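Reader: Before I use any label attached to this model, I would like to hear the criterion behind it and the value that is set against it. Could we go through the labels one by one?

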Amino acid sequence: MLLYLFPLLLTLSLIPFSLSQPPRALLIDCGATVASVIDNRQWVPDTAYISTGTSKHLTQTNLSHTLSTLRSFPLLDNNSRRRKFCYVVPVYRTAKYLVRTTYYYGGVNNQASPPVFDQIVDGTFWSVVNTTEDYANRSASYYEGVFRAGGKSMSLCLASNTYTESDPFISALEFVLLADSLYNSTDFGNFSLRLVARHSFGYNGPIIRYPDDQFDRYWEPYGENNPTSSRGENVSIAGFWNLPPRKVFETQFTVGQPQPLELQWPLSPLQLSTYYIALYFADDTGTSRVFNITINGITYYSDLKVPQTGVALFANQWRLSGPTKIILTPAPGSTLAPLINGGEIFEVLRFGGRTQTRDVIGLKSLKDGFQNPPFDWNGDPCLPRENAWTGISCSNGSNVRVIGINLTSMNLSGSLSPNIVNLTALNDLWLGNNSLSGSIPDFSTLKMLKTIHLEDNHLNGPIPSSLENIDRLRELFLENNNFSGQVPRGLTTKPGLNFRFLPGNQLLVPPIA
């Protein structure tokens, strides 16, 4: 269903981007050990943005620089736990980013076919990564999406799925800051966009990208064995909200006579979903051509007049499935054939949610206090739910909270951060049988706590009397540590509390009243 359709002719004089400068972007060469400059743009190693995985170098010759290295991640023996491996990068909060991932397998897993796995941005499932066909054709695969930054960092995560048979991997990762006008008819507070196709019609050269496209979007050719018409470079395109590159308008897809023009676009059938569609037109002949547009027989726009300055048509939410046919039909009385210059189509992804910020802060502080935290403690702690962090349990519903931590027997060392008090929805804290040291923070603000298991560690200091004030507390296991001092009387007499502090501590037990 079409919700919004925008023919746009608007001068954008305030966009703070310049064609003379590289895009405001973070370009990560995964698996690389040193920075490099490619086409006057700096690529950096990935070690500052991820703490797990293995850097590997491909021995295959004639690879582009960013494809010659990759980072792979171990497939666990028990693949039922879809643990994720996450890059975390700094971003501007609430800004829109083009995120692009690039994959070239190169036989790194010693298997004929590359693995199939998932990719995730923050808490939103993005897509399945399947590079099998491209790799068979000796090509790299890339995926692109547009996402809004919910905080001061964004995460790109890889995770195994039921089809994963060997180690997931990644060759390159890009975050490009987009101008406010781009794709601004989409509510990025509730949705994201997954690129399906972006083409320059009537063009059969190499992919159009930076510096022609200031945001380094990839415009693939759509022109081989199709009628094309070369054209001049004087068309004015300053009014397009999505700021397509001028080079897209140097060719057009048309026919010689005023007859219907049919496009099978995108080239591959679509899964049943909702799509964002943008079509771009410009005519530098100075004449007025008028035509109607249908998509799979449904009217997309009627009586479109294409001016020299150009026009763009947007559909925010259009339901599609299977093969897609676009037909441009001359309007009655029109003596000129239809034309089209470019097009973009994205699948509209519903926002997957986000763990509440205070819980993320609390868990990050807890992680920073551990000397060897679980390797998958990056990205969103709770979402997607099948990829939650090791040992983390979360609430249902839209207000996602952390309600349980169970890292029993995880060989943890370090101490407990006082900022654990941010986890105000926590019901259960189980950290027993590790090597944690230091004192117990003040848990009195954690009013939802029912069980605390800190037994069999190296914790010391007094047992905080503030634990008496947690009304719902039913289990408190502290045995086999190095606690000293007086056992708080309120804990020994608290109704319904299973309190264990012996053996293994140097404590004074209060006399029985």
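**Labels and their criteria**

Author: Strand β2 (residues 36-38) and β3 are antiparallel partners, joined by three bridges. The model is a predicted one, in which local features need pLDDT of at least 70 and side-chain atom pairs count only at pLDDT 80 or more, whereas totals for chains, interfaces and linings use all residues. Residues are numbered from 1 along each chain as its sequence is written, and side-chain values use heavy atoms, with hydrogens and water left out.

Reader: What makes β2 and β3 count as paired?

Author: Strands here are DSSP runs of E with at least two residues, and helices are runs of H or I with at least four, numbered from the N terminus. Two strands are said to pair if DSSP finds at least two bridges between them, and β2 and β3 have three, with Gln42 in β3 as the bridge partner of Val37. In this hairpin two residues lie between the strands, and Asp39 takes a positive phi near 55°.

Reader: How do you know that β1 and β3 pair as well, and in which sense do they run?

Author: Two bridges join strand β1 (residues 25-29) to strand β3 (residues 41-45), and these strands run parallel. Ile28 has Val44 as its bridge partner in β3. Elsewhere, β19 and β22 are joined by nine bridges and run antiparallel, and Tyr275 stands opposite Trp318 of β22.

Reader: Why is strand β22 described as mostly covered?

Author: A residue is buried under 20% relative accessible area, exposed over 50%, and partly exposed in between, with a 1.4 Å probe and protein chains only. In β22 (residues 311-322), nine of the twelve residues are buried, while across the chain buried residues make up 54% of 513.

Reader: Why is Phe501 called buried or exposed, and what does it touch?

Author: Phe501 has 12% relative accessibility, so it counts as buried, although its place is in the loop between β35 (498-500) and β36 (506-508). Contact means heavy atoms within 4.5 Å; apart from neighbours within four places in sequence, Phe501 is in contact with Leu478, Glu479, Val487, Leu507 and Val509.

Reader: What makes the phi values of Asn110 and Asp122 worth a remark?

Author: Most residues other than glycine have a negative phi, and most peptide bonds are trans. Asn110 has a positive phi near 60°, and Asp122 has one of about 50°. Asn110 lies in the loop between β7 (96-103) and β8 (116-121) and, at 73% relative accessibility, counts as exposed. Asp122 lies in the loop between β8 and β9 and, at 12%, counts as buried.

Reader: Which peptide bonds are called cis, and what are their omega values?

Author: One is the bond from Tyr210 to Pro211, with omega near 10°, where Pro211 sits in the loop between β14 and β15 (220-222). Another joins Leu383 and Pro384, with omega about -15°, and Pro384 is found in the loop between α2 and β26 (392-394).

Reader: What makes a space in this model a pocket, and how much space lies in the largest one?

Author: On a 1 Å grid over the protein atoms alone, a cavity is a set of points where a 1.4 Å probe fits but cannot get out, whereas a pocket is an open set with protein on both sides within 12 Å along at least five of seven lines, and lining residues have an atom within 4 Å of a point. Grid points are joined across faces, edges and corners, and a volume is the space filled by probe spheres set on the points. The largest pocket holds about 1300 Å³ of space; it is lined by 34 residues, of which Tyr142, Tyr143, Arg194, Val196 and Ser268 are the closest to its centre. The most lining residues, six, come from β14.

Reader: How do the residues of that lining divide by class?

Author: Ala, Val, Leu, Ile, Met, Phe, Trp, Tyr, Cys and Pro count as nonpolar, Asp, Glu, Lys and Arg as charged, and the others, Gly among them, as polar. On that basis the lining of the largest pocket has 17 nonpolar, nine polar and eight charged residues. The lining of the second largest pocket has six nonpolar, eight polar and eight charged residues, and α2 supplies its largest share, six residues.
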